[in-house]
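Trainee: I've got a structure to look at and I'm not sure how to read it. Can you walk me through some features?

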Amino acid sequence: MKKVHKKRRRRTSLYLVAILAAIFVATMVVQGVTLSADCDKLSAEQTELEAKKKQLEEEREEIQSKSEYMKTDAYIEDVAREKFGLAYDDEIIFKAADNN
């Protein structure tokens, strides 16, 4: 009787170990899938942020070049012509007639 009891005990212990191992493996698989999904999400976010960074760098360069242009005499001349209608002495200005 003791021999049968020991076999049952061993078998029960073996089943418990197998169940625990299966739970451990299942947990690891779930965690792996979750981490993979998070990794994909972060990769997409990184790509999006890199594109935005490139756009902002281009915008910064544009602003910088406009700032440099605004320091020139050509810019002052363009603004004076556009806003105040200024012209050189030897220039002729043609204006469209109002059709009102």
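Mentor: Sure, let's go through a surface patch, an aromatic pair and a distance along the chain. Keep in mind that this is a predicted model.

Trainee: Okay, which residues make the nonpolar surface patch?

Mentor: The idea is to look for nonpolar side chains that sit together on the outside. Here, Phe24, Val25, Met28, Val29 and Val33 make a patch of about 510 Å². Take Val33, which is found in helix α1, residues 2-70.

Trainee: Is Val33 buried or exposed?

Mentor: Over 50% relative accessible area counts as exposed. Val33 has 56%, so Val33 is exposed.

Trainee: Next, how many aromatic pairs does a search of the whole structure find?

Mentor: Just 1 aromatic pair turns up. That pair is Tyr69 with Tyr75, and the ring centres are 5.5 Å apart.

Trainee: And how do I read the angle between the planes?

Mentor: Planes over 60 degrees apart count as edge-to-face. For Tyr69 and Tyr75 the angle is 80°, and the pair is edge-to-face.

Trainee: Why do Tyr69 and Tyr75 count as partly exposed?

Mentor: Partly exposed is the class between under 20% and over 50%. Tyr69 has a relative accessible area of 35%, so Tyr69 fits there. Tyr75, at 25%, is partly exposed too.

Trainee: Last one: what separates the C-alpha atoms of Glu61 and Gly32?

Mentor: You compare the spacing along the chain with the distance in space. Glu61 and Gly32 are 29 residues apart along the chain, and their C-alpha atoms are separated by 43 Å. Glu61 is found in helix α1, and with a relative accessible area of 48% Glu61 is partly exposed.

Methods:
Residues are numbered from 1 along each chain as its sequence is written. This is a predicted model: local features need pLDDT of at least 70, side-chain atom pairs count only at pLDDT 80 or more; totals for chains, interfaces and linings use all residues. Side-chain values use heavy atoms; hydrogens and water are left out. Patches are made of residues with over 30% relative accessible area and no salt bridge: like charges are joined within 9 Å, nonpolar side chains (Val, Leu, Ile, Met, Phe, Trp, Tyr) within 5 Å. Accessible areas come from the Shrake-Rupley method with a 1.4 Å probe; for residues, only the protein chains shown count as cover. A salt bridge is a side-chain nitrogen of Lys or Arg within 4 Å of a carboxyl oxygen of Asp or Glu. Helices (H or I, at least four residues) and strands (E, at least two) are DSSP runs, numbered from the N terminus. Buried means under 20% relative accessible area, exposed over 50%, partly exposed in between (1.4 Å probe, protein chains only). Rings of Phe, Tyr and Trp (its six-membered ring) pair if their centres lie within 6.5 Å; planes under 30 degrees apart count as stacked, over 60 as edge-to-face and the rest as tilted.
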